[in-house]
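User: Can you walk me through this one? I'd like to start with the enclosed space inside, then move on to the pockets and the odd backbone spots.

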Amino acid sequence: MKKDFLSLWDVTRDEIFFLIDQALELKKDWSRGSLEPVLQRKTLGLLFTKPSTRTRVSFECAMHRLGGACTFLSVQDTQLSRAEPLSDTARVLSRYLDALVVRTYDHQDVVTLARYASIPVINGLTDFCHPCQVLSDLMTVAEKKKRVDDQVVAWIGDGNNMAHSWINASARLGFRLNISCPEGYWPSAQVLERARREGIADIGLYEDPGAAVKEATVINTDVWASMGQEHEAEKRRKVFQPFQVNAALLAKAPKDAIVLHCLPAHRGEEITEDVLEGPQSVVFDQAENRLHAQAALLRWLLTS
């Protein structure tokens, strides 16, 4: 039976730990030249509506390193741009490909494609959640802190798709998650309610970002205006200013706290230059780990 990866709810706690361990091993294998090309003769499709640097390149490189191939499909260049139903596209692509990564706006589009596809469908980002990014972020936390489930993670800024995926991760793994957002920009109440109802989440909501980072060993933020929200950027810059991750905020956290940012970063907005480039930042290791975490995910979905 095929398995999809549309959100972190699609994997169990044990499967997340397995994928983290596999990703760390694959990183070592690549470094010592012993990575096995286990996906030979496999082809991954990348069906993207939104622009991408890290998601596209990391999936393409991961597939190449594992011996497989990729084909990139801009939605604008497919028959979807001429109103072909998603259900038809999903069934046709399933005849050509072995797995499909989808990066788009509406989460329901990924759900529909997965429903009709006979191959694994991976959520490469929707407006609702970004599970591939947080899977590799969890790998980065494990790499830097040895364990994931005993950390205190702070999310500072917009209650967006990244925040939702961190909530899902907390629900699955049980680590403490402190969320601090401006009024009106909190994560979805439904996402929080499900995490508390079905998971082992330990989630706190804070109006004061200083209180949220007080015990945090991992501090995380994202841009204030995501793709599709550019028209709100000026308004958001004013509302979000007290939630900037800067030296003053970092000084309120434990000295061994690490700083994450999924990139692209807007220096001087959600994060300052000195913090992004400072000694507590692990942002570029985090970016590299997209490749290794997704290699682990592809190998698991296509060989198990």
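User: Which residues line the largest cavity?

Analyst: This is a predicted model. In it, the lining of the largest cavity is made up of Leu26, Trp30, Leu35, Ala62, Arg65, Leu66, Leu291, His292 and Ala295. Helix H1 (13–31), H2 and helix H12 (283–303) each give two or more residues to that lining.

User: Which element gives the largest share?

Analyst: H12, with three residues.

User: And how does the lining split by class?

Analyst: Seven residues of the lining are nonpolar, one is polar and one is charged.

User: What volume does the largest cavity have?

Analyst: About 50 Å³. A search of the whole structure turns up one cavity of 30 Å³ or more.

User: OK, pockets. How much space lies in the largest one?

Analyst: The largest pocket holds about 400 Å³ of space. It is lined by 23 residues, and those closest to its centre are Arg103, Leu125, Met227, Leu263 and Pro264.

User: Which helices supply at least two residues of that lining?

Analyst: Helix H2 (54–65) and helix H6 (161–173) each do. H2 also gives two or more residues to the lining of the largest cavity.

User: What classes of residue are in the lining of the largest pocket?

Analyst: Nine are nonpolar, eight polar and six charged.

User: You listed Leu263 and Pro264. What kind of peptide bond joins them?

Analyst: A cis bond, with omega at about 5 degrees. Most residues other than glycine have a negative phi, and most peptide bonds are trans. Pro264 sits in the loop between strand S9 (258–261) and helix H11 (273–276).

User: Leu125 was on that list too. What is its phi?

Analyst: Leu125 has a positive phi of about 140 degrees, although it is not a glycine. Its place is in strand S4 (residues 121–125).

User: Is Leu125 buried or exposed?

Analyst: Leu125 counts as buried, because its relative accessibility is 7% and the cut-off for buried is under 20%.

User: What about Ala83, where does that lie?

Analyst: Ala83 is in the loop between strand S2 (69–74) and helix H3 (86–96). Ala83 has a positive phi of about 75 degrees and is not a glycine.

User: Buried or exposed?

Analyst: Ala83 counts as exposed, because its relative accessibility is 63% and exposed means over 50%.

User: Back to pockets. How much space is in the second largest?

Analyst: About 190 Å³. The second largest pocket is lined by Leu6, Ser7, Trp9, Asp10, His107, Val111, Phe128, Asn168, Gln190, Val191 and Arg194.

User: Which helices supply at least two residues there?

Analyst: Helix H4 (107–116) and helix H7 (189–198). H7 gives the most to this lining, with three residues.

User: And by class?

Analyst: The lining of the second largest pocket divides into five nonpolar, four polar and two charged residues.

User: Changing topic: Trp166. Where is its place?

Analyst: Trp166 is in helix H6. That helix also supplies at least two residues of the lining of the largest pocket.

User: How much relative accessible area does Trp166 have?

Analyst: Trp166 has 0%, so it counts as buried.

User: What is it in contact with, leaving aside neighbours within four places in sequence?

Analyst: Trp166 contacts Val134, Asp137, Leu138, Val141, Val153, Trp155, Phe175, Leu177, Asn220 and Leu260.

User: How far is Trp166 from Ala117?

Analyst: Their C-alpha atoms are separated by 27 Å, and the two residues are 49 apart along the chain.

User: Now the whole chain. How many helices and strands?

Analyst: The chain has 12 helices and nine strands.

User: What does the radius of gyration say about the chain?

Analyst: The chain has a radius of gyration of 19 Å, which agrees with the value near 19 Å that a compact globule of 304 residues would have. The C-alpha atoms fill a box of roughly 55 × 45 × 35 Å along the principal axes.

User: What share of the residues count as buried?

Analyst: Of the 304 residues, 57%. The accessible surface of the chain is about 13200 Å², with 50% belonging to carbon and sulfur atoms.

User: And what share of the contacts with a separation of 6 or more is between residues 24 or more positions apart?

Analyst: Such residues account for 75% of those contacts.

Note on methods
Residues numbered from 1 in each chain as written. Predicted model: local features only at pLDDT ≥ 70, side-chain atom pairs only at ≥ 80, totals over all residues. Heavy atoms only, no water. 1 Å grid on protein atoms, 1.4 Å probe; cavity = no way out; pocket = protein on both sides within 12 Å on 5 of 7 lines; lining within 4 Å. Points joined across faces, edges and corners; volume = space filled by probe spheres on them. Helix = DSSP H or I, 4+ residues; strand = E, 2+ residues; numbered from the N terminus. Nonpolar A, V, L, I, M, F, W, Y, C, P; charged D, E, K, R; others polar. Rg over C-alpha atoms; globule rule 2.2 N^0.38 Å. Buried < 20%, exposed > 50% of the residue type's maximum accessible area, 1.4 Å probe, protein only. Contact = heavy atoms within 4.5 Å. Areas by Shrake-Rupley, 256 points an atom, 1.4 Å probe, with all protein chains shown as cover.
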